[in-house]
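Let's take a walk through this protein together, from its overall build down to a few individual residues. Have a look at the model first.

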Amino acid sequence: MDHIAVISDLHGNVPALEAVLDDIHARGISRILCLGDLVGKGPNSDRTLDLARENCEKVIRGNWDDFLPKESDQEVIRWHQQVLGKERLLYLESLPNVIEFYMSGRFIRLFHASPRSLYERVQPWDEEEIKKSLFGPCVWESTLDLPQIVGYGDIHQAYLDQVEGGRMLFNTGSVGNPLDLPQASYVILHGEEDRRTDGLFGMEFVRIPYDIEQAVQQAVDSGMPQLEDYAAELRTAVYRGLRNGQVTKRGKSK
């Protein structure tokens, strides 16, 4: 039986990522896949990127990984760019957009937000047709097969849903910026990788408490912009846009 940890949305939060990695390694799991958004929001994008690169078998691109390397006149973007430095920004530009493999007879496709865009937001409460579209053709490098299981990150809310035809849709939640429960989140897949005939398969959702106040203090010490919004998100798991009376729409970046 193979065991693969799937993490996403690290967002510069080192205490959260270290707690998740400690749990993964304590379970004897050596294979980790990362679904993007290594950087941004938190103060330590450099360290979370380095830890992902050191520990993850494969890393794909998230929306923050996509737009942070680009020129910007926004203070918050320029601040995170300075933390990362040129070499790490080049690494972000090199990331692929999708991971695909067979496990216990199921074709699995993993991406950050959707098979069409890094910026398309699909929420747990969206209509069935929208969720079904996540199983459609992929615009990036991909096989011709259509998946039976789809996993993604981006929305910072862990969930599992069954889609028409017995297909499974899951979201990993977020390691570094969860917006459903103030604990880090990740998923473990259990099965036989590369097996194309039916076999035992399982999926496990894991929540990890971590030192939130340590993460907030690191943000304070760094002098990062948007500090108050970031600290409130970590402590309450409520998206800053909702606290400020904004409506979260698909297609907007967290």
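What follows goes from the whole chain to its cores and then to single residues.

This is a predicted model, in which local features need pLDDT of at least 70, side-chain atom pairs count only at pLDDT 80 or more, and totals for chains, interfaces and linings use all residues. Residues are numbered from 1 along each chain as its sequence is written, and side-chain values use heavy atoms, with hydrogens and water left out.

Start with the overall build: the protein has eight helices and 10 strands, where helices (H or I, at least four residues) and strands (E, at least two) are DSSP runs numbered from the N terminus. Its C-alpha trace spans about 55 × 40 × 35 Å along the principal axes. The radius of gyration is 17 Å, which agrees with the value near 18 Å for a compact globule of 254 residues; this radius is taken over C-alpha atoms, and the globule rule is 2.2 Å times the number of residues to the power 0.38.

How much of the protein is buried? Of its 254 residues, 58% count as buried, meaning under 20% relative accessible area, with exposed being over 50% and partly exposed in between (1.4 Å probe, protein chains only). Contacts, defined as heavy atoms within 4.5 Å, often link distant parts of the sequence: among those with a separation of 6 or more, 69% come from residues 24 or more positions apart.

Now for the interior. A nonpolar core is a set of buried Ala, Val, Leu, Ile, Met, Phe, Trp, Tyr and Cys residues joined through side-chain atoms within 4.5 Å. The largest one holds 45 residues, and Ile 7, Leu 38 and Tyr 186 touch the most other members. Helix 4 (residues 75-93) gives the largest share of this core, seven residues. A second, separate core of 16 residues includes Ile 4, Leu 35, Met 103 and Phe 170. Back in the largest core, Tyr 186 has contacts beyond four places in sequence that include Ile 7, Val 20, Arg 27, Thr 172 and Phe 205.

Next, find Ile 149 in strand 6 (residues 149-152). Ile 149 is buried because its relative accessible area is 2%. Beyond four places in sequence, its contacts include Phe 107, Phe 135, Phe 170 and Met 203. Phe 170 is 21 residues from Ile 149 in sequence, with 8.0 Å between their C-alpha atoms.

Finally, Asp 50 lies in helix 2 (residues 45-55). With a relative accessible area of 17%, Asp 50 is therefore buried.
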